[in-house]
Amino acid sequence: MLGVLGFFAALLAVVMGMGRWHETGSPYWLGGSIALLVFTLIGALQSRRK
């Protein structure tokens with residue numbers, strides 16, 4: 001179950017990861033940020049259905 005604070009914390013981590021990717025150009029930061037975003041959206045959608 002994803003709470004409101006958890007959702008915003010995950011979005012903040014995604015934005016920070018995207019900024020790190022922009023600074024370094026490393027594909028690992030981009031991949032990790034996108035994966036975290038996908039897991040966050042899946043968790044949010046599943047918690048809304050309950």
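Select S33 to begin. In this predicted model, S33 is buried, with a relative accessible area of 4%; that value lies under the 20% cut-off, which is why the residue counts as buried. S33 sits in helix α2, which runs over residues 27-49. Next, display the residues that S33 touches, leaving aside those up to four places away in sequence: they are V14, G17 and M18.

**The whole chain**

Zoom out to the full chain. Its secondary structure consists of two helices and zero strands. The C-alpha trace spans about 40 × 15 × 10 Å along its principal axes. Of the 50 residues, 14% count as buried. If a surface is switched on, the accessible area comes to about 4100 Å², and carbon and sulfur atoms account for 72% of that area.

**Helix α1**

Now select residues 4-24, which form helix α1. The end C-alpha atoms of α1 are 30 Å apart, and this agrees with the 30 Å that 21 residues should span at 1.5 Å a residue.

Within α1, colour A10, V14 and G17, the buried residues of this helix. They cover an arc of only 65° around the axis, so they lie on the same side of α1. Two residues in this set, V14 and G17, were met at the start as contacts of S33. Helix α2 is included in what covers the buried residues of α1.

Rotate the view to the face of α1 turned away from its buried side. The exposed residues carried there are V4, L5, F8, L12, V15, M16, H22 and E23.

Then move to the residue G25. It lies just after α1 and takes a positive phi of about 75°.

**The surface patch**

Return to helix α2 and select I34, which is found in this helix. Is I34 buried, exposed or partly exposed? Its relative accessibility is 40%, and I34 therefore counts as partly exposed, since that class lies between the limits of 20% and 50%. S33, by contrast, is buried at 4%.

Finally, add V38, F39 and I42 to the selection. Together with I34, these residues make a nonpolar surface patch of about 380 Å².

Conventions
Residues numbered from 1 in each chain as written. Predicted model: local features only at pLDDT ≥ 70, side-chain atom pairs only at ≥ 80, totals over all residues. Heavy atoms only, no water. Helix = DSSP H or I, 4+ residues; strand = E, 2+ residues; numbered from the N terminus. Buried < 20%, exposed > 50% of the residue type's maximum accessible area, 1.4 Å probe, protein only. Contact = heavy atoms within 4.5 Å. Areas by Shrake-Rupley, 256 points an atom, 1.4 Å probe, with all protein chains shown as cover. Expected span 1.5 Å × (residues − 1). Arc of directions from axis to C-beta. Patch = residues over 30% accessible without salt bridge, like charges linked within 9 Å, V, L, I, M, F, W, Y side chains within 5 Å. Salt bridge = Lys/Arg side-chain N within 4 Å of Asp/Glu carboxyl O.
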